[in-house]
Amino acid sequence: MPDTLCAFIANRRDRVIALQRDLVAIPALGPFNCGQGEHEKAAYLAELLRSMGIRQIEDIPAPDDTVACGFRPNLAAVIPGRDASRTFWVISHTDIVPPGDEDLWTSPPYELRVDGDLLYGRGVEDNHQGLVASLLVAEAVLAVGNPPPINFGMLFVADEETASAKGLDYVLTHRRDIFGPRDLILIPDFGTPDGEMVEVAEKSLLWLKISVFGKQCHASTPQKGINSLVAASYLILRLRSLYTRFDHQDHLFYPPSSTFEATKKEANVPNVNTIPGLDVFYLDCRVLVQYDLDEVQAAVNETCAEVAVDHGVRVEWEIVQEVRSAPATPPDSPIVQRMLAAVRSVHGTNPRPMGIGGGTVASFLRRQNIPCVVWSTLLGTAHQPNEHSSIRNTLADAQVMAQVLCMDDPT
């Protein structure tokens, strides 16, 4: 059966283009991104699934009074297999991010542009590629006409771009029972161009806003003030010591260490001849699972206090975002082993289980001890102007999914 499915999928280039064209034309922006959510896109998908002949479709709406329809749609669809007690789920998200400065786009972001193997438009990679690949698998299974060995499930979730409270987090809170103990779960929302990274773990995330208070004065009389920019600059350099303080290496991850990087800097004074009295910057920490984030916060607090004394300033910091790492998916779990075997079969490469510093919705599953992997073959253009994806990669991703669906668990 997997060979038959893969052969069917290989000839679906035009179908990829047609699906992407429809999806790109539906800008599913959440309310925090000045949109009305994913209702229109979910309605399109529900009608598409029904037209394909799928009967087992469930709506899991998350109430949200900030959008006109009053809810954020989550949609689950299942094609029954011979063993109906087990499901291979592909979880993709329907929301997108705004296009940003449209002058940087070479074509309208909500109109699909085809250039050889590449498709351009907002959302074509994040997350339409994975979503379309799952639809190709469903169409192939239905066209072949034989039930797959196990169920094939597609879960289309909302709100991934803004913390998932109305998306997968809501689904797990209200419909945890849709996932069985032996289910296989793939999230096609992160990957490398060669497809060799099978993501099984994520670092903890800690974003800090750090404010340095000095005393503003005229730049010609600096002795009358306290230069907050100088103190902030010194503090940024002192915070580099976190790299040596938390220096454990774990080669499951790339990079293998925790990272602590100063990133955004807010504007201080508008003119050159004023010494600033307030500087604000942000610290992005991606921390290996071996360390508790409380340890990192204590180290930051200690360093800030030292700089405050040395420079006569006041330093305050607050947490912007904190996500504590979930347990890793064991590399020997069935979903990981099936993914590795399927990628080898389709791509002829040497995939490996790895951890990343970014965050995905996989963390919600792993916190409930539900094994899952994050994988796709991506060009890495998500959130950028001229976002684009590969038709060949989409077809190959679908073939990998078909292989995972049909193979036995490796022994």
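The exercises below, each with a worked solution, concern a predicted model.

**Exercise 1. Work out the strand order of the sheet that contains β11, and say which strands lie at its edges.**

Begin with the pairings of β11, the strand at residues 204–213. On one side β11 pairs with β15 in the antiparallel sense over ten bridges, and within this pairing Leu-206 has Cys-285 as its bridge partner in β15. β11 is also joined to β16 by nine bridges, and these two strands again run antiparallel; here Leu-208 stands opposite Ile-319 of β16.

Next, follow β15 (residues 278–287) to β13, with which it pairs in the antiparallel sense over five bridges. In that pairing, Ala-262 stands opposite Leu-283 in β15.

Putting the pairings together gives an open sheet of four strands in the order β13-β15-β11-β16, with antiparallel pairing. Its edge strands are β13 (259–265) and β16 (314–323), each of which pairs on one side only. On average, neighbouring strands of this sheet are turned by 25° against each other, if direction is ignored.

**Exercise 2. Find which helices pack on this sheet, and explain why β11 is described as largely enclosed.**

First consider helix α6 (residues 228–238), which packs on the sheet and touches β11, β13, β15 and β16, its direction making about 10° with that of β15. Helix α8 (residues 293–311) packs on the sheet as well, touching β11, β13, β15 and β16, and its direction makes about 160° with that of β16.

Then turn to burial in β11: seven of its ten residues are buried, so the strand is largely enclosed by the rest of the structure.

**Exercise 3. Decide whether Ser-228 is buried or exposed, and list its contacts beyond its neighbours within four places in sequence.**

Ser-228 lies in helix α6. Its relative accessible area is 0%, and because buried means under 20%, Ser-228 counts as buried. With neighbours within four places in sequence left aside, Ser-228 is in contact with Val-212, Gly-214, Pro-276, Gly-277, Leu-278 and Asp-279. Met-154, by comparison, is 74 residues from Ser-228 in sequence and 52 Å from it in space, C-alpha to C-alpha.

**Exercise 4. Check the span of helix α2 against expectation, and identify what its buried residues pack against.**

Helix α2 (residues 13–24) has twelve residues, which at 1.5 Å a residue should span 16 Å; because its end C-alpha atoms are 17 Å apart, the model agrees with this expectation.

The buried residues of α2 are Val-16, Ile-17, Leu-19, Gln-20, Leu-23 and Val-24. When reading this list, it helps to recall that an α-helix has 3.6 residues a turn, so residues three or four places apart point the same way. The buried residues of α2 pack against α3 (39–52), β6 (113–115), β7 (118–120), α4 (128–144), β19 (388–390) and α11 (391–406).

**Exercise 5. Describe how α1 and α11 are oriented to each other, and name the residues that make the contact.**

The axes of helix α1 (residues 2–10) and α11 come within 9 Å and cross at roughly 165°. Because angles over 145 degrees count as roughly antiparallel, α1 is roughly antiparallel to α11. The crossing in which α1 passes α11 is right-handed. On the α1 side the contact is made by Pro-2, Leu-5, Cys-6, Ile-9 and Ala-10, and on the α11 side by Leu-395, Ala-398, Gln-399, Ala-402, Gln-403 and Cys-406.

**Exercise 6. Examine the backbone at Asn-127, Pro-255, Cys-34 and Asn-386, and place each residue in its loop.**

Take the peptide bonds to begin with. The bond from Asp-126 to Asn-127 is cis, with omega near 20°, and Asn-127 lies in the loop between β7 and α4. The bond from Tyr-254 to Pro-255 is also cis, with omega near -5°, and Pro-255 lies in the loop between α7 (242–245) and β13.

Now take the phi angles. Cys-34, in the loop between α2 and α3, has a positive phi of about 65° although it is not a glycine; its relative accessibility is 78%, so it counts as exposed. Asn-386, in the loop between β18 (373–374) and β19, likewise has a positive phi, of about 60°, although it is not a glycine; its relative accessible area is 15%, so it counts as buried.

Conventions. Residues are numbered from 1 along each chain as its sequence is written. This is a predicted model: local features need pLDDT of at least 70, side-chain atom pairs count only at pLDDT 80 or more; totals for chains, interfaces and linings use all residues. Side-chain values use heavy atoms; hydrogens and water are left out. Two strands pair if DSSP finds at least two bridges between them. Axes are lines fitted to C-alpha atoms, for helices over the stretch in contact, and angles run from 0 to 180 degrees between N-to-C directions. Contact means heavy atoms within 4.5 Å. The expected span of a helix is 1.5 Å times one less than its number of residues. Buried means under 20% relative accessible area, exposed over 50%, partly exposed in between (1.4 Å probe, protein chains only). Angles under 35 degrees count as roughly parallel, over 145 as roughly antiparallel, 65 to 115 as roughly perpendicular and the rest as oblique. A crossing is left-handed if the near helix is turned anticlockwise from the far one by less than a right angle, and right-handed if clockwise.
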